[in-house]
Amino acid sequence: MTNPQTVVLEAHNLVKRYGSVTAINGAEFELRAGEVLAVIGDNGAGKSSLIKALSGALVPDSGEIRMDGAPVRFKTTLDARHHGIETVYQDLAVIPALDIASNVFLGRELRKKGFMGTVLRQLDKPRMRTESMQHLSDLKIGIKSATQTVETLSGGQRQGVAVVRSAAFGKRVIIMDEPTAALGVKESGMVMDLIRQIRERGLPVILISHDMPHVFDVADRIHVHRLGKRAGVVDPKVRSMAEVVALMTGAMEPTEEERNGGA
Amino acid sequence: MTTSTTQISPAPPRSRRDWTWVARQPLVGPLAALILAVIVFSIGSPRFLSPYNLSLIGQQSIVIGILAVAQTIVILTAGIDLSIGAIAVLGTIVMAKTVPQVGGVGALLIALVVCVAIGAVNGSLVSFLRLPPFIVTLGTYTAVAAASQLYAGSATYPVTSPLLTFFGQDFGIGAWRTTLGVGVLILVYAVCFYVLHQTAGGQHVYAVGGNPTAARFTGIKINRTLLMVYIMTGVIAMVAAWAALGRIPNADPNAYQTANLDTITAVVIGGTSLFGGRGSVVGTLIGTLIVGVLRNGLTLIGVDNLYQNIATGALVILAVAFDQIARRRTQ
């Protein structure tokens, strides 16, 4: 078991400006091993810019990002992926006409060995199917066949496929950017279950969400983002939903400990 | 901590006993239409099912059929290629005019370079400059068609080179004979089927057309995929040009005037969505055969060519209507 206090991913004093607009204004960030960290903030608070910096979709002007204490620089999302950081997006990032196995391995296809694979570039579909089924059952997603096309699935099931893809390749960190924004109530519950499954496997999850009940349902700690920086990190067992919303809007001030990153 | 199992409702089982999934397959409609047309025409004309006539339908489908494969792949990326027929026509003229100086192999290579270059121009404009494929290929169509006329000097060029007319040779057993061109048609379909379904590049074609945002998120190089698709269009156009000289050993800048639209007709009738990401070359092969059977059959029972065009046009609209309805139901 990993020590729950071990910091996996951290950022210090991040700054990003677009002309006269400051999207990230000296933000701090800390993700610990094995936790679900919710990132919340009002619209325009800059939380998506922060997340983009952590997933390599944006290069900060200054500040530093560290993984396991060592400084890293993400110029593209591929850089972040090479460090084991995978992102699940709110729009269902799946290809309708391809089957589940092809979607899970999209962009990272496995080729057959020998002549068929190296010369004729043939995909190893049986292996991709077997491994996809393994990943699906790891997350306790009851699906019988990885050969059905994703367009035959519901929205929640499609997001399930996207989550499986991230969990399969995200060796260190899974970022979920509003993963339930496009989903109904029941399907959102399914994605919440998946987040718990990922945590049980020991992978830390960063969950960006507007949905307070969801956040209080799964998060171990809540990072409150306000005015381009971290206002504080709070414990959902200590703070109520109303208090967290007040912190988010600035109606309430965080405690000294919360401001410094929480317990 | 709650540990629950996320139940994703089971897939419709595709066991051997349950065959209802067959009716939901996208190819069922086109295939049913093809079988229906064959039945109707075989009743309407005793000659329709003769080996000679079936071989004729195959031969008449060669050029459009080969070009329609390329068109399918372009349309799968949510693009369209209006220049493909014109590129093939230019290919035939390049082959016919260069063969006296450079010989058969040289003529084929020069035609390949020309066709690939035009495809690469289309692909670069579509991918790197992000121009709409409709406009880009409308432009290259106009330019290439004019270039063919200028280069040919409005003359036609009979071809006698055995290599260039190679695909006109026939093969078979007894009365069942057809030309090598039909074999080329089938080979092009087989190769493209393999590439689309068994290689990563083919999967990326579906990804780029089906959900470009998702394709980008998963690290697929969209520009490179698009460029490769249009370059491959050039290669297939050259193959079609070669097969065209096998069918009619005469390079004519005024030939295959309707090829561009005929390929789109075959693709759409074959069930490939004009919105990209959905469809297959198998459907296009069926679509090509539907158009071939329809034209051949209507001719046999004595229907005027213009009425045949009306029938084909109606079929295209019907096919697009089916596609739209299917899309609405899955969304």
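**Figure 1. Chain B of the predicted model, seen as a whole**. With 331 residues, chain B would be expected to have a radius of gyration near 20 Å if it were a compact globule, and its value of 21 Å agrees with that expectation. Along the principal axes, the C-alpha atoms of chain B fill a box of roughly 80 × 55 × 35 Å, and the chain is built with twelve helices and four strands. Of its 331 residues, 48% count as buried, while 76% of the contacts in chain B with a separation of 6 or more are between residues 24 or more positions apart.

**Figure 2. Chain A, seen as a whole**. Chain A has ten helices and ten strands, and its C-alpha trace spans about 60 × 40 × 40 Å along the principal axes. A compact globule of 263 residues would have a radius of gyration near 18 Å, and the 19 Å of chain A agrees with this. In chain A, 46% of the 263 residues count as buried, and among the contacts between residues at least 6 apart in sequence, 69% join residues at least 24 apart.

**Figure 3. The place where chain A touches chain B**. Here 30 residues of chain A are in contact with 25 residues of chain B. On the side of chain A that touches chain B, the elements giving two or more residues are α6 (155-169) and α7 (185-200) of chain A, and α7(A) gives the most, with four residues. The residues on this side of chain A divide into 14 nonpolar, eight polar and eight charged.

**Figure 4. The six-stranded open sheet of chain A**. The strands follow the order β6-β7-β8-β3-β9-β10 (chain A), and their pairing is mixed. At the edges stand β6 (85-88) and β10 (229-234) of chain A, each with a single partner strand, so that one side of each is left without a neighbour in the sheet. From one strand to the next, the twist averages 20 degrees.

**Figure 5. The pairing of β7 with β8 in chain A, and the helices that pack on the sheet**. Strand β7 (residues 173-177) of chain A pairs with strand β8 (residues 205-208) of chain A in the parallel sense, over four bridges, and A:Asp177 has A:Ile208, in β8(A), as its bridge partner. Helix α6(A) packs on the sheet, where it touches β6 and β7 of chain A, and its direction makes about 175 degrees with that of β6(A). Helix α7(A) also packs on the sheet, touching β3 (36-41), β7 and β8 of chain A, with its direction at about 160 degrees to that of β8(A).

Notes
Residues are numbered from 1 along each chain as its sequence is written. Chains are lettered from A and ligands numbered from 1 in the order in which they are written. This is a predicted model: local features need pLDDT of at least 70, side-chain atom pairs count only at pLDDT 80 or more; totals for chains, interfaces and linings use all residues. The radius of gyration is taken over C-alpha atoms; the globule rule is 2.2 Å times the number of residues to the power 0.38. A residue is buried if 20 or more other C-beta atoms lie within 10 Å of its own, exposed if 12 or fewer, and partly exposed in between; C-beta atoms are placed from the backbone. Two residues are in contact if their C-beta atoms, placed from the backbone, lie within 7 Å. Ala, Val, Leu, Ile, Met, Phe, Trp, Tyr, Cys and Pro count as nonpolar, Asp, Glu, Lys and Arg as charged, and the others, Gly among them, as polar. Two strands pair if DSSP finds at least two bridges between them. Axes are lines fitted to C-alpha atoms, for helices over the stretch in contact, and angles run from 0 to 180 degrees between N-to-C directions.
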